[in-house]
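Here are some exercises to work through with the model open beside you. Try each one yourself before you read the solution.

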Amino acid sequence: MAFRLSNNLVGILNFITFLLSIPILGAGIWLSREGVTECERFLDKPVIVIGVFLMLVSLAGLIGACCRVTWLLWLYLVVMFLLIVLGIVFTIFAFAVTNKGAGEALSGKGYKEYRLGDYSNWLQKRVTSQKNWNKIKSCLADSKVCTDFHDKYLNTSASEFSQTHLSSVQSGCCKPSNDCQFMYVGPTNWTRGSAESNNPDCNLWNNNLNTLCFDCQSCKAGFIDNLRSSWKKVAIVNIVFLIFLIIVYSVGCCAFRNNRRDNYYQQQTWKP
């Protein structure tokens, strides 16, 4: 009974995982063939790797548990153990690099502004790398975050706009910094005034929808703030996933022990 319960449970869980790996792998292959933007092409290889990895690991667990292949189940447990260790390390790391930084509240404004230096050095280096930032800009353009921002607030007055609650990306990438003291004409249309500013982003601002402040430090800071928020959510989800992995690993250990016991009994039976 114990054999059937643990082995069958591992088999069922890995069969479900195997089924889930098929659409993931298919999505990766589709992106590699049909992806036309830099953002889509950036995702294809990681998605394919994840799909293949899940498929191989689930097959190892399925065959090892249901067909009593002890060495395959042992390999499966080693991979699961490494996944648990990596998951714990990633969770600690994610909380560490996202612990620093937050938007700066402005007096009389509904939105916040974001400074690149407020965030962890590790995130800064990864995001501000020219190669990485070009890919990120492509993703921001594909998401039409500033185009939708322009359409949504097109008929908004200056006083109404100043009280608007904006996302970190909208505030950093779709409008100039408050330091520039530009005159508001529209959400993505601003007139330069006579005031001087030490903020280098002021010289990078352009009313062209394809340019705006995508090369500004504030845009990179806004993206990092958004990334920071997402990573914290992923880390919390990862804790739940780790609990699930530990449960599966424990059941797998029972199945492995049962496999060894069954093999031992068979060897004793076959002895003359």
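**Exercise 1. Is Ile 246 buried, partly exposed or exposed, and what is its relative accessibility?**

*Solution.* Keep in mind throughout that this is a predicted model.
Step 1: find the residue; Ile 246 sits in helix α10, which covers residues 217-270.
Step 2: recall the cut-offs, with buried meaning under 20% relative accessible area and exposed meaning over 50%.
Step 3: the relative accessibility of Ile 246 is 41%, so Ile 246 counts as partly exposed.
Step 4: for a sense of distance, go to Glu 34, which is 212 residues away from Ile 246 in sequence; the two C-alpha atoms are 38 Å apart.

**Exercise 2. Describe the overall build of the protein.**

*Solution.* Step 1: tally the secondary structure, which gives 10 helices and four strands.
Step 2: read off their order from the N terminus, α-α-α-β-β-α-α-α-α-α-β-β-α-α.
Step 3: look at the extent of the C-alpha trace, about 100 × 35 × 30 Å along the principal axes.
Step 4: compare with a globule; for 272 residues a compact one would have a radius of gyration near 19 Å, whereas this protein has 26 Å.
Step 5: turn to the surface, where about 15700 Å² is exposed and 63% of that comes from carbon and sulfur atoms. Of the 272 residues, 39% count as buried.
Step 6: consider the contacts with a sequence separation of 6 or more; residues 24 or more positions apart account for 68% of them.

**Exercise 3. Which residues make the nonpolar surface patch of about 780 Å²?**

*Solution.* Step 1: list the members, which are Trp 71, Trp 74, Leu 75, Val 78, Phe 81, Leu 82, Val 85 and Val 89.
Step 2: pick one of them, Leu 82, and place it in helix α3, residues 70-97.
Step 3: check its exposure; Leu 82 has 47% relative accessibility and therefore counts as partly exposed.

**Exercise 4. Work out which residues of helix α4 are buried and which are exposed, and why the buried ones share a side.**

*Solution.* Step 1: in helix α4, residues 121-128, the buried residues include Leu 123, Gln 124 and Val 127.
Step 2: these residues lie on the same side of α4 because they cover an arc of only 100 degrees around the axis.
Step 3: the general rule helps here: an α-helix has 3.6 residues a turn, so residues three or four places apart point the same way.
Step 4: now look at the other side of α4, where Asn 121 and Lys 125 are exposed.
Step 5: take a closer look at Leu 123, which is buried with a relative accessible area of 2%. Beyond its neighbours within four places in sequence, Leu 123 is in contact with Val 97, Ile 224 and Leu 227. Thr 98 is 25 residues from Leu 123 along the chain, and their C-alpha atoms are 8.5 Å apart.

**Exercise 5. Trace the network of salt bridges that links Glu 104, Glu 113, Arg 115, Lys 175 and Asp 179.**

*Solution.* Step 1: begin with the total, as the structure holds six salt bridges.
Step 2: side chains of opposite charge can pair when their charged atoms come close.
Step 3: take Glu 104 and Arg 115, whose side chains meet in a salt bridge at 3.0 Å, N to O. Glu 104 belongs to strand β1 and Arg 115 to the loop between β2 and α4, so this pair ties together parts that are 11 residues apart in sequence.
Step 4: check their exposure; Glu 104 is partly exposed at 33% relative accessible area, and Arg 115 is partly exposed at 25%.
Step 5: follow Arg 115 to Asp 179, where the side chains form another salt bridge at 3.0 Å, N to O. That pair links distant parts of the chain, 64 residues apart, with Asp 179 in the loop between α8 and β3. Asp 179 is partly exposed, with a relative accessible area of 31%.
Step 6: go on to Lys 175 and Glu 113, whose closest N and O atoms are 2.8 Å apart in a salt bridge. Lys 175 lies in the loop between α8 and β3 and Glu 113 in strand β2, so the pair ties together parts 62 residues apart in sequence.
Step 7: compare the accessibility of this last pair with the cut-off for buried, under 20%. Lys 175 is buried at 1%, and Glu 113 is buried at 4%.

Note on methods. Residues numbered from 1 in each chain as written. Predicted model: local features only at pLDDT ≥ 70, side-chain atom pairs only at ≥ 80, totals over all residues. Heavy atoms only, no water. Patch = residues over 30% accessible without salt bridge, like charges linked within 9 Å, V, L, I, M, F, W, Y side chains within 5 Å. Areas by Shrake-Rupley, 256 points an atom, 1.4 Å probe, with all protein chains shown as cover. Salt bridge = Lys/Arg side-chain N within 4 Å of Asp/Glu carboxyl O. Helix = DSSP H or I, 4+ residues; strand = E, 2+ residues; numbered from the N terminus. Buried < 20%, exposed > 50% of the residue type's maximum accessible area, 1.4 Å probe, protein only. Rg over C-alpha atoms; globule rule 2.2 N^0.38 Å. Contact = heavy atoms within 4.5 Å. Arc of directions from axis to C-beta.
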